[in-house]
Amino acid sequence: MSDNASLVGGGVTLFELVAALPHGGDAVLHGNPELVIARIAPLELAGPGDIAFLSHAKYAQRLDTTQASCVILAPEQLARAQSARQGDLSAAFVCTPAPYLYFARLTQWWKARQDESAPSGRIHPSAVIDPSASLHPTARIGALCVIGASASVGEGTTLHARVTLASGCRIGARCIVHSGAVIGADGFGFAPRADKSWEKIEQLGAVVIGDDVEIGANTCIDRGALQDTLIEDGVKLDNLVQIGHNVRIGAHSALAGCAGVAGSAVIGKRCTIGGGAVVLGHLTLVDDVHISASTTVMRSLLKAGNYSGIFPVDDNASWERNAAHVRRLDASRDQSRAQMQALQRRVDQLEASVQVLTNAQRSQT
Amino acid sequence: MSDNASLVGGGVTLFELVAALPHGGDAVLHGNPELVIARIAPLELAGPGDIAFLSHAKYAQRLDTTQASCVILAPEQLARAQSARQGDLSAAFVCTPAPYLYFARLTQWWKARQDESAPSGRIHPSAVIDPSASLHPTARIGALCVIGASASVGEGTTLHARVTLASGCRIGARCIVHSGAVIGADGFGFAPRADKSWEKIEQLGAVVIGDDVEIGANTCIDRGALQDTLIEDGVKLDNLVQIGHNVRIGAHSALAGCAGVAGSAVIGKRCTIGGGAVVLGHLTLVDDVHISASTTVMRSLLKAGNYSGIFPVDDNASWERNAAHVRRLDASRDQSRAQMQALQRRVDQLEASVQVLTNAQRSQT
Amino acid sequence: MSDNASLVGGGVTLFELVAALPHGGDAVLHGNPELVIARIAPLELAGPGDIAFLSHAKYAQRLDTTQASCVILAPEQLARAQSARQGDLSAAFVCTPAPYLYFARLTQWWKARQDESAPSGRIHPSAVIDPSASLHPTARIGALCVIGASASVGEGTTLHARVTLASGCRIGARCIVHSGAVIGADGFGFAPRADKSWEKIEQLGAVVIGDDVEIGANTCIDRGALQDTLIEDGVKLDNLVQIGHNVRIGAHSALAGCAGVAGSAVIGKRCTIGGGAVVLGHLTLVDDVHISASTTVMRSLLKAGNYSGIFPVDDNASWERNAAHVRRLDASRDQSRAQMQALQRRVDQLEASVQVLTNAQRSQT
């Protein structure tokens with residue numbers, strides 16, 4: 001594969017790699033521990049010097065052709081993998097019951113190793129930080145961040161460049177906030193005046209974010225109107241996500257890019273919300289609700305499960321015809337029903353007539 | 001309720017509070033004016049020391065159980081409220097014909113009181129301001145804003161941290177622009193070359209914003225191609241809203257988060273556009289048009305009213321079945337019609353046969 | 001038209017204007033070359049001193065009433081235009097086979113002429129640039145940009161104010177990146193732990209952007225997980241667009257505002273994707289696929305063409321009725337089919353009975 005950031009200068013032996021990973025106890029290395037690994041690569045592209053992983057059994061046929069030096073895989077795939085590389089001394093395997101998780105931890109160790117030579121400065125001098133803000137000594141604040149009065153940043157949390165954390169907002173430990181995110185802008189609250197212009201409702205709450213939360217680039221989380229907007233532990237928000245005021249997002253829920261949650265909605269724990277999906281205001285989604293991309297949630301969802309609402313894509317001509325039918329579903333249903341009933345009446349009448357004829361004929365014979 | 005930003009240090013008496021509010025003339029205090037208020041809280045959560053409000057009669061039962069020290073309410077709710085707190089000397093009520101509007105003004109006064117101790121510096125030294133820009137002496141420019149050549153900012157307008165106001169763009173009085181907003185980036189204009197690559201059309205217009213406009217975090221308003229993009233007085237844009245080049249948005253219209261308006265669309269006055277809704281380019285929406293969240297407006301709407309277009313959310317299995325039907329609505333309509341017509345022809349034939357039989361039988365008898 | 005940024009101080013003669021434009025060879029000036037042009041204006045608004053253009057024959061009637069000093073038009077429109085302005089010495093015409101393209105190039109020349117007096121500083125002193133970044137000497141870096149370690153910016157490329165180009169990301173020649181864009185934030189990658197919390201997958205790839213690419217305000221392009229995210233030459237991304245990790249966008253494709261492309265999707269060359277449209281992850285769109293605004297692409301599109309999937313907008317009451325029918329399409333289809341079959345069986349029975357009666361009658365006569 002092409003030269004890229006997943007290259008570690010000089011390489012690392014499989015022995016070092018397996019020994020370094022946390023929870024390595026349940027992983028077993030099959031093969032030469034002195035093999036040198038220089039890159040992490042996708043299995044279908046990996047070559048000599050690369051370590052790759054097999055996450056799903058459905059991709060197992062990739063084991064038959066890969067040239068990767070090492071593949072992370074589940075025990076039940078080992079036999080196939082070894083058979084494909086029989087006699088190849090430059091092939092090794094890491095067996096673990098959770099290859100995808102092992103791969104995730106490998107990327108973390110890999111990145112930390114790359115970053116060892118990075119400057120250790122934790123608060124970039126160009127950041128604008130209110131003197132009343134509270135930053136844990138291990139927090140990292142990127143270039144050109146703005147941190148407002150009385151805001152706080154927890155242990156080991158990283159704010160990448162150009163993040164706004166507005167006054168009074170609090171973010172917990174081990175969080176990552178990507179560039180351009182805005183935490184604590186005013187919620188969208190206005191009272192209508194008699195003339196239909198708008199009176200601003202000042203937003204007096206803040207944003208409170210738990211531990212181990214990740215917030216994507218240019219994502220916005222509004223401060224609450226009176227209470228705080230709450231993002232619980234372990235929540236993951238992708239880029240360009242909008243979280244309205246007073247929203248509460250339960251622990252370990254994940255929202256993909258361009259999703260929007262309107263004010264005062266409450267989302268349970270371990271929910272997933274697809275890209276571009278919208279949750280309307282004041283709704284409740286219970287724990288373990290999964291919303292497909294581009295779906296608009298217009299009612300509370302009080303039962304765990306998977307939900308969708310997407311107009312199916314089609315070639316333009318087909319879509320136009322079908323969309324036109326959708327616009328007259330109600331009218332055409334009425335028309336169909338009327339036609340059906342008219343026909344039923346005619347058949348009723350026919351059956352009666354035939355009965356009369358039959359009776360008459362019987363009486364004749 | 002929990003300690004949060006809506007707390008005013010030391011508290012304030014109801015006497016002070018009622019006296020301080022503008023348009024207080026139509027509000028009447030019932031109860032002890034010396035009661036001390038420390039917080040504004042939602043009615044369902046409010047306790048001693050809190051002021052709350054009742055906006056809709058449908059929530060009136062909350063009056064029966066609230067422990068709020070003061071409730072802002074409409075005159076027709078006063079009797080119920082007083083009866084529920086009979087003999088409770090720590091309960092008071094502010095009667096006003098527009099409780100929600102009164103509450104909005106209360107939040108403003110509350111915020112101003114909190115901010116009294118804030119530093120009065122109006123132009124943050126980290127802002128990058130072109131010397132040819134024109135800033136009203138009362139404008140506030142936040143940290144790390146960028147203001148381009150010949151741009152102008154009106155009286156009492158606030159740009160929060162990290163706002164871009166590009167060259168030549170003008171914003172009126174008493175506006176609020178939230179962090180990360182970009183006003184005056186190039187509109188998306190390209191002419192196709194013969195080889196289907198794109199020739200840039202330089203965007204020579206600007207953005208002109210009226211008075212009392214609020215613009216959300218990370219929202220973008222593009223400059224016009226030849227003319228200016230216009231945002232009229234009192235418009236409210238939520239976060240992550242996209243306004244294309246040459247768009248005109250009429251006074252007091254409000255657009256919720258993630259809404260998008262494509263180039264050259266004209267939106268009337270007092271319109272509302274729900275979150276994630278899209279208005280296509282070159283369309284006209286007249287005054288007082290209201291678009292539901294996630295709706296795509298594909299044609300001009302020349303009559304005031306409420307409009308929607310959302311695929312209803314459902315459990316995945318039901319959605320899949322219904323979406324499959326949507327994709328063959330046209331085909332199945334044709335099929336249904338053919339079946340119906342075939343049946344009608346058979347019934348026509350039967351009626352003729354029965355008529356023949358009946359006539360024959362009559363002639364026999 | 002109103003005074004705006006498309007005004008060039010002092011004006012320019014048509015002679016100068018036509019001579020200055022690249023590819024001017026195929027354009028012919030009809031009229032007085034000494035006419036002075038001060039503005040570019042839309043044809044329907046243009047007056048004396050303005051140059052305008054006619055792009056589509058369907059707008060040709062505007063030629064009959066315009067007061068523009070010069071109109072750029074196709075040869076086949078010249079006769080009508082000249083006839084409308086017969087004897088008007090202050091009217092001129094530039095004839096070219098591609099008026100829209102000529103207009104695009106005119107705006108470029110116009111803008112360059114306006115900018116001649118602009119300060120020539122190419123790297124704003126407020127930008128934060130890692131010493132290991134590589135900037136071409138002709139690159140322009142706006143105020144408060146952040147450029148990470150080992151990032152590179154090509155010849156003649158402009159980063160407007162407040163852009164993030166993260167570590168290791170590369171952008172080619174003659175690109176334009178608008179304010180607030182974030183290139184190279186982490187992709188959204190997490191492996192589920194047994195307890196349904198998330199383990200971060202470090203994103204070890206970068207973003208590689210070709211030549212002549214334009215990237216809109218507050219748009220985000222994520223770095224790849226292992227490989228690089230690729231944006232090929234000539235791609236145009238509007239504002240608030242989200243590009244997930246590992247995505248590849250083919251040359252000269254254009255994505256309108258608020259569009260989103262999920263991780264590992266591959267989009268071909270010369271595609272267009274409308275505003276707010278969503279392409280799900282791991283899909284392939286071949287070259288020359290055109291997606292309408294707000295459409296969600298849920299399957300690979302392997303044939304060039306135009307695709308849509310939008311619930312049609314309607315007045316609220318009609319939408320509610322039709323949406324309710326959509327939710328029971330499957331059930332009501334079953335019901336219709338059952339009714340139809342029941343009726344068919346009754347008609348079958350009737351036909352048999354009538355046959356019996358007819359036979360009986362025949363045997364009688």
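Me: Axes are lines fitted to C-alpha atoms, for helices over the stretch in contact, and angles run from 0 to 180 degrees between N-to-C directions. Why are α5(A) and α4(C) called roughly perpendicular to each other?

Reply: This is a predicted model, in which local features need pLDDT of at least 70 and side-chain atom pairs pLDDT 80 or more, while totals for chains, interfaces and linings use all residues. Residues are numbered from 1 along each chain, chains are lettered from A and ligands numbered from 1 as written, and side-chain values use heavy atoms without hydrogens or water.
Helix α5 (residues 329-364) of chain A and helix α4 (residues 316-327) of chain C have axes 8 Å apart, at an angle of about 70°. Roughly perpendicular covers 65 to 115 degrees (under 35 is roughly parallel, over 145 roughly antiparallel, the rest oblique). The term therefore fits α5(A) and α4(C).

Me: Which residues of α5(A) and α4(C) meet?

Reply: A:Leu329, A:Asp330 and A:Arg333 meet C:Arg321, C:Asn322, C:His325 and C:Val326, contact being heavy atoms within 4.5 Å.

Me: What makes α4(B) roughly perpendicular to α5(C)?

Reply: The axes of helix α4 (residues 316-327) of chain B and helix α5 (residues 329-364) of chain C cross at roughly 70° and come within 8 Å. That angle is why α4(B) counts as roughly perpendicular to α5(C). On α4(B) the contact involves B:Arg321, B:Asn322, B:His325 and B:Val326, and on α5(C) it involves C:Leu329, C:Asp330 and C:Arg333.

Me: What rotation superposes chain B on chain A?

Reply: Chain B falls on chain A after a rotation of 120° with 0.0 Å of shift along its axis, at RMSD 0.1 Å. The two copies are therefore related as by a three-fold rotation axis. B:Phe311 has the C-alpha nearest the axis in chain B, at 3.5 Å.

Me: What makes β8 and β31 of chain C edge strands?

Reply: In chain C, 8 strands form an open sheet with parallel pairing, in the order β8-β11-β14-β19-β22-β25-β28-β31. Strands β8 (134-135) and β31 (284-285) each pair on one side only.

Me: How many bridges join β22 to β25 in chain C?

Reply: There are 2 bridges between β22 (residues 229-231) and β25 (residues 248-249), which run parallel; strands pair at two bridges or more, that is, at least two found by DSSP. C:Leu230 is opposite C:Arg248 in β25(C).

Me: Which residues stand opposite C:Tyr307 in β34(C)?

Reply: One is A:Asp315; β35 (residues 314-315) of chain A and β34 (residues 305-308) of chain C run antiparallel, joined by 2 bridges. Another is C:Ile291; β32 (residues 289-291) of chain C runs parallel to β34(C), with 3 bridges.

How values were computed:
Helices (H or I, at least four residues) and strands (E, at least two) are DSSP runs, numbered from the N terminus. Copies are superposed by least squares on the C-alpha atoms of residues with pLDDT of at least 70 in both.
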